[in-house]
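Biologist: Please take one part of this structure and go through it closely, then show how it relates to the rest. Plain terms with their cut-offs would help me.

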Amino acid sequence: MAPYRPPHMRNQPPLPKLVCSNRNEVIRTQPSQSDTIATLTANLAEEFHVPEELISLALEKNGAPMQDAKKELTALGECTIHVTVKPASHEQMENYIRSKGSDHFLGAELKLMTNTGEELKGELYCIQEQDGSCILREKLSNGCANYWWLKWNIITSISIESMPDKKRSDFRPAVSVPALERRS
């Protein structure tokens with residue numbers, strides 16, 4: 001028995017299924033009928049917060065890399081595509097962060113490695129472009145926080161663990177302001 005497909009998709013050709021091969025993550029990006037290899041790669045890079053050159057795609061049946069950027073996914077039909085996200089060098093991540101703009105990453109959970117071998121995890125709290133530094137905040141279980149002021153030149157690797165959800169519906173200001181009553 002064929003899998004259920006909603007009525008608006010019944011006449012559409014089947015699309016490939018994406019599987020992440022080197023990370024323990026679920027891919028939220030879903031291919032669409034108009035996607036090409038290039039648009040899929042761009043969407044995956046945005047989802048994993050890495051430069052596009054670190055994303056590689058390969059067909060499951062033969063392991064062949066998918067390099068034709070203009071090829072449409074509908075031409076592949078029903079198959080499985082393995083998505084590999086290569087680790088980024090410090091320079092690649094620094095350039096990627098700079099290209100997106102510092103405001104894009106504020107609130108992101110990062111894992112940093114310093115040139116002394118120390119691993120730091122926390123929220124990107126502040127970026128100062130003028131002196132090439134950032135402040136990382138680690139929230140502690142007792143409600144306090146540790147802050148690290150780091151120069152970019154002592155950071156040897158950066159990985160983005162999670163991005164803040166800018167559209168969160170549960171976000172509310174810390175202090176509530178009472179509503180003003182209108183008097184006639």
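**Helix α2 and its surroundings**

Modeller: Gly 101, just after α2, takes a positive phi of about 95°. Helices (H or I, at least four residues) and strands (E, at least two) are DSSP runs, numbered from the N terminus. The model is a predicted one, in which local features need pLDDT of at least 70 and side-chain atom pairs count only at pLDDT 80 or more, while totals for chains, interfaces and linings use all residues. Residues are numbered from 1 along each chain as its sequence is written, and side-chain values use heavy atoms, with hydrogens and water left out.

Helix α2 itself covers residues 90–100, and His 90, Met 93, Glu 94, Tyr 96 and Ile 97 in it are buried. Buried is under 20% relative accessible area, exposed is over 50%, and partly exposed lies in between (1.4 Å probe, protein chains only). Viewed down the axis of α2, the buried residues fall within an arc of 160°, so they line one face of the helix; the arc is that of the directions from the helix axis to the C-beta atoms. Glu 91, Asn 95 and Ser 99, on the other side of α2, are exposed.

Tyr 96 leads on to the aromatic pairs, of which the structure holds 2. The ring centres of Tyr 96 and Phe 105 are 5.9 Å apart and the planes stand at 70°, so this pair is edge-to-face. Rings of Phe, Tyr and Trp (its six-membered ring) pair if their centres lie within 6.5 Å; planes under 30 degrees apart count as stacked, over 60 as edge-to-face and the rest as tilted. Tyr 96 and Phe 105 are both buried. In the other pair, Tyr 125 and Tyr 147 have ring centres 5.3 Å apart and planes at 70°, so it is edge-to-face. Tyr 125 belongs to strand β5 (residues 119–128) and Tyr 147 to strand β7 (residues 145–151), so the pair ties together parts that are 22 residues apart in sequence. Tyr 125 has 41% relative accessibility and counts as partly exposed; Tyr 147, at 45%, also counts as partly exposed.

The strands that carry these tyrosines are linked through β6. Strands pair if DSSP finds at least two bridges between them. β5 pairs with β6 (residues 133–139) in the antiparallel sense over 5 bridges, and Gln 128 stands opposite Ser 133 in β6. The two strands form a hairpin with 4 residues between them, and Gly 132 in the turn has a positive phi of about 65°. β6 in turn pairs with β7, again antiparallel, over 7 bridges, with Ser 133 opposite Lys 151 in β7. That hairpin has 5 residues between its strands, and Gly 143 in its turn has a positive phi of about 95°.

Now the packing. The largest nonpolar core has 20 residues, and Leu 44, Phe 48, Ile 55, Leu 57, Ile 81 and Val 83 touch the most other members. A nonpolar core is a set of buried Ala, Val, Leu, Ile, Met, Phe, Trp, Tyr and Cys residues joined through side-chain atoms within 4.5 Å. β1 (17–20), α1 (37–48), β2 (55–59) and β3 (80–85) each supply at least two residues of this core, and α1 gives the most, with 5 residues. Tyr 96 is found elsewhere: a second, separate core of 17 residues includes Tyr 96, Ala 108, Leu 110 and Leu 124.

Ala 108 from that second core sits in the loop between α3 (102–105) and β4 (109–114), and at 0% relative accessibility Ala 108 counts as buried. Leaving aside neighbours within four places in sequence, Ala 108 is in contact (heavy atoms within 4.5 Å) with Gly 122, Glu 123, Leu 124, Ser 162, Met 163 and Pro 164. The C-alpha atoms of Ala 108 and Ser 162 are separated by 5.8 Å, although the residues are 54 apart along the chain.

Three of the elements that feed the largest core also make a sheet: it is open, has 3 strands in the order β1-β3-β2, and its pairing is mixed. β1 and β2 are at the edges, each with a single partner strand, so one side of each is left without a neighbour in the sheet. β1 and β3 run parallel and are joined by 4 bridges.
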